[in-house]
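Open the model in a viewer with the cartoon on and side chains ready to display. The stops below go from a sheet to a helix pair and then to salt bridges.

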Amino acid sequence: MSSLSRELVVLILQFLDEEKYKETVHKLEKESGFFFNMKYFEDMVVNGEWEEVEKYLSGFTKLEDNRYSMKIFFEIRKQKYLEALDRKDNARAVEILVKDLKVFSSFNEDLFKEIALLLTLQNFRENDQLSKYGDTKSARTIMLSELKKLVEANPLFRDKLHLPPLKNSRLRTLINQSLNWQHQLCKNPKSNPDIKTLFVDHACGQANGGQAPSPAPNPLMSQIPSQIPSQIPKVSGFPSMGPVAFQHAQAPLANSLAGWMANQTMANPSVANPSMANPSMSNQSAANPTSVPHQSVPIGSIGLTPPSNPASMIKRPRTPPSNIPVMDYQTADSDNLLKRQRPYGMPEEVSNMPGNVMPGMFPGLSIHPLGVATDELPKTVMATLRQGSAVRTLDFHPTIHNILLVGTYAGEFILWDVASKVRLAVRTFTLWDKANCSVTLQANMINDAYASVNRVIWSPDGNLFGVAYAKHIVHLFAYMGGDDIRGHLEIEAHMGSVNDLAFSNPNKQLCIISCGDDKTIKVWDAATGAKQFTFDGHEAPVYSLCPHNKENIEFIFSTSIDGKIKAWLYDTLGSRVDYEAPGRSCTTMAYSNDGTRLFSCGTSKDGESYIVEWNETEGAVKRTYNGLSKRSVGVVQFDTAKNRYLAAGDECKIKYWNMDNSNVLCSIDAEGNLQASPSIRFNKAGTLLAVSTTDNSVKIVANTDGIRLMRSAESRVGPSKAPIISPFSASTSAPGTSVAADRSSPRNVAITPPNEFGPSLPDLKARIPDEPEKPKPWKMTEFSEPSQFRASKLPDNLLAVRIVRLIYTNAGSSILALAYNAVHKLWKWQRSERNTSGKATSSVPPQLWQPPSGILMTNDISDTNLEMAVPCFALSKNDSYVMSASGGKISLFNMGTFKTMTSFMLPPPAATSLAFRPEDNNIVAIGMEDGTVQIYNVRLDEVKTQLKSHQKRVTGLAFSSTLNVLVSAGADTQLCVWGTQEWDRKAHKSLTIPTGRTPKALAQTRLQFHPDQMHILVIHETQIAVFEAPKLDLVHQWITRDSNSTITDAAYSCDGQSIYATFDDGSLCIFTTAGLKMRCRITQSAYLNPVPNSRAYPVVIAAHPSEPCQFAIGLTNGEVHLMEPLETEGKWGVAPPPENRAGTSGSPAAPSAADQSSR
């Protein structure tokens, strides 16, 4: 909208106000976003009209725009929540908590938990931070003062808080002046003209009653249209996609994709982005970023109390610019996007602050003139990995940041540990099941068995990876950790080349999506290889895929080599988008890591390359990035990192952009030798970047954190961590399962050579000669000295009593222990410079936490024989409550205040095991002394059902949210599986006790589900066993043969790769999940100082919920120790080689000599 049009809106606002159209005035203020009426805002806040307050604010800012806006919305919603609590309207308070305040949990989870805990208090003023909260009126007044300061400091409200000085009735005056001018132009002007309408130009009537002719052209009049708009342009919107196309879909989809179909005129990037039509203007504005001064207000971080430290407001003070450009509101078409983005002349990083940056938090980083931290960009070459053939595609493991998968033109894929520069595995293209392949493929393979790798990609959890080949085939492999990869599926996916792969989770079912030269996109079940959908509509070979989930709608973007972009839902109704990429080019699309911003990069057949950001809602190019070559060699590839940076390989360089600035941030040549348009890929953390070279290698470029990662692993032989896996069912007898595609007659299609847009590659079939490596003898690692690992004893000033239960909170920031005397102990780690994450670590001591009241969480033990009691507890999913028992009544404690919320189930029988149902923490399974399992509803205070099967006390309970089952274990060594829908028994089995071993009469059997929710770990004093639910098939078993040594406890690591176990001789052993083989042992002397006449040993063990190599143990002497490997090692010992890792399936495994020697 032009500046004159903007002024016209201001004049209309004045006119409406003078005419007393109050509601219309405020609607226009909100819809135009030109004037924020502070008086109207104040009145709504004082009156508590919270819904109207937020609606009005929405015309000027959104919660995620910047830290000021976030603070404004938080204060309003917090006040609304507190008022509901003050009225004792808990139902309304819960609604506000879930609908309005939940969004802030992603920025500060601890704060959200603290707010939620206010519901548990009789009066929220019991909270120390809210103790001075007065009545509603005074609280609103105090908050209003804070809100006004925030609004005035918010850059988005700049020039919107005050109207320009205007004389009264300015619009009427202008109309009168216009009429007077028209009257002067009349041929027969009357002395007293009669003005009856404004809808047509005025003209005085002639004597005969006829209308005067239009005035003759006048040189003066010809200048008026350029100064005063004759017509106010309307903002053009994108029409609805209509009910027919989306009868099956949910409503939010219209917001996600509607704009992509609505306006075909936007297909031209120069129309969608005016800066493209006038490059000089775009370059000039981008090259001269300016800062806008604004008032400094102590904003701080969102919290229960208002901020008090002015210095916490702005960590990067801004100075007034010397050359702020003139305000220009462009055209009506662009105004819809422009009015909320940012004030002109203000750097974009101010108004487009990443959503995950908390208000007031700016780390001390090296700042580039464009306002970005250049320390975050990978620039230092740390490794060169020799491939032996030209590199085509790259992908880092999603969770193990130093594992890289490389695909080559020679048909190989190579798995690398880039930190240790070790090539873990190599596979060359071959058909697994030729007999089930199509005749066309078989004939093709006879003529030429070679097929290049077009795409390698990891599944989101890193358990699988896919390889797409230039001949029909997709291979899926299961990654078991380290160098262990196993064939999973072979799919003949397309006729001709398979050009791209992607993983997706529609309806929570893992699928793999493929596209190819046959112009189709296909969706396959990643578990079985069954075809789910085929999307047919492109008129050229499909080049790339980009699946995404937005507002609970799953869809897929696809691009073809003719530059067409289409979008598909998982149905049979065809594409929802038919669009053209900039330059009608071969294009790839990618979202930022947080899924909020969409980018594409492509190269036309003429070699001109484009990187753009899309406005999904409008279906328009939002920003075009400068700096790419006009004559690129090959298709330029790109990637995103840290929700902030773009990188592209172009002109033998790596070029970086800040997502919020169209100009190149910087470029590096990575010490030279890069391909003209190299393949590039960031790891998930954005700390490493892999790039291909002309000598068939891959260079690893690192930032500061990446350098630290690489150097810490230089002495290692393998990867430091392994993914969450399900190693129990992968077959080792065959390379995989073959799944044939449709066997209909092939289409006649033009197959594009794999290097149509790429450089000449004469050495495609070059190979690294296979050099036999001498196997190194494996030896189990034993830790006998404190210097060999990191350990810390948690501080404790309470009575030292045997620890009987131990658990980490789900957030990983605290450890909760239950002692033999029924007292709970809670250790908390605080955020600090030494511990920025605030999670449990051996490097920083925690605080033994107690509330100000000084009370302890103590179970009921009246009339209880502690020697016979079986203590138990369970933690709610949000860490707010713990349910616990020590032989007496069951108590429900508030973790924030330590207060007992309720007590129930007075024995006998006593509770001996507890487990919250994952889907509903109001449902609790309670194992009892008499062998029954009670399914109890906490909210209704009633037993829903009672399960009977065990002959002795129930000592273990575990839910599987995937299988919808509950598994129970008892002192009778029985295992039972119960369905959680009808609570019927699905299966039962007895543990096999080793010959010659007689366990204690009431020996406990404990349970824990693997992270895959399919396999369950069973811990008994004689053995560790893994069963597959729900049929309870035995997968692995490890038995202690030494009758003098018994297992006291065991637990899975959070990634499912390891099992940590404790023994009553004081030792700890770490097993591989695959095969249950011992990889290392920690002796008692390594962590415990010997005490004369004292026998201390670990009784319980708990694994950290997000750090795979960290665990804690509770000892008989009352101590709790936390253990981690050395930072230079990054893991516990070295896993046994693959040939030693084969475990039994369905029968007990005889422990190896290496295992037994340690016992």
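Two strands count as paired if DSSP finds at least two bridges between them. The coordinates are those of a predicted model.

**The sheet.** Select strand 1 (380–386) and strand 28 (residues 697–702), which pair in the antiparallel sense over six bridges. To see one of these pairings, pick Thr384; its bridge partner in strand 28 is Lys699. Now add the rest of the sheet: four strands in the order 1-28-27-26, open and with antiparallel pairing. Strand 1 and strand 26 (680–682) are the edges; each has a single partner strand, so one side of each lacks a neighbour in the sheet. From one strand to the next the twist averages 20 degrees.

**The helix across the sheet.** Select residues 704–712, helix 17. This helix lies across strand 1, strand 27 (688–692) and strand 28, and runs at about 50 degrees to strand 1. Within helix 17, show the side chains of Asp705 and Arg708, which are three residues apart, about one turn of the helix. They meet in a salt bridge, 2.9 Å from N to O. Asp705 is partly exposed at 40% relative accessibility, while Arg708 is exposed at 52%.

**A helix pair.** Move to helix 5 (residues 67–86) and helix 8 (residues 136–153), whose axes come within 9 Å and cross at roughly 170 degrees. Angles over 145 degrees count as roughly antiparallel, and helix 5 and helix 8 are therefore roughly antiparallel to each other. Residues to display include Ile72, Ile76 and Gln79 from helix 5, and Met143, Leu147 and Leu150 from helix 8. The contact of helix 5 with helix 8 comprises nine nonpolar, two polar and six charged residues.

**Salt bridges elsewhere.** The count for the model comes to 44 salt bridges. Go back to edge strand 26 and select Arg681, which forms a salt bridge with Asp395, the closest N and O atoms being 3.0 Å apart. Asp395 is in strand 2 (residues 391–396), 286 residues from Arg681 along the chain. Asp395 is buried, at 5% relative accessible area.

Next, select Arg597 and Glu613, whose side chains meet at 2.8 Å, N to O. Arg597 sits in the loop between strand 18 (586–591) and strand 19 (598–603), and Glu613 in strand 20 (residues 609–615). Are these two residues buried or exposed? Arg597 is buried at 15% relative accessible area, and Glu613 is buried at 2%.

For the last selection, take Glu51, Lys80, Arg92, Glu95, Lys99 and Asp100, which are linked in a network of salt bridges.

Technical notes: Residues are numbered from 1 along each chain as its sequence is written. This is a predicted model: local features need pLDDT of at least 70, side-chain atom pairs count only at pLDDT 80 or more; totals for chains, interfaces and linings use all residues. Side-chain values use heavy atoms; hydrogens and water are left out. Helices (H or I, at least four residues) and strands (E, at least two) are DSSP runs, numbered from the N terminus. Axes are lines fitted to C-alpha atoms, for helices over the stretch in contact, and angles run from 0 to 180 degrees between N-to-C directions. Contact means heavy atoms within 4.5 Å. Angles under 35 degrees count as roughly parallel, over 145 as roughly antiparallel, 65 to 115 as roughly perpendicular and the rest as oblique. Ala, Val, Leu, Ile, Met, Phe, Trp, Tyr, Cys and Pro count as nonpolar, Asp, Glu, Lys and Arg as charged, and the others, Gly among them, as polar. A salt bridge is a side-chain nitrogen of Lys or Arg within 4 Å of a carboxyl oxygen of Asp or Glu. Buried means under 20% relative accessible area, exposed over 50%, partly exposed in between (1.4 Å probe, protein chains only).
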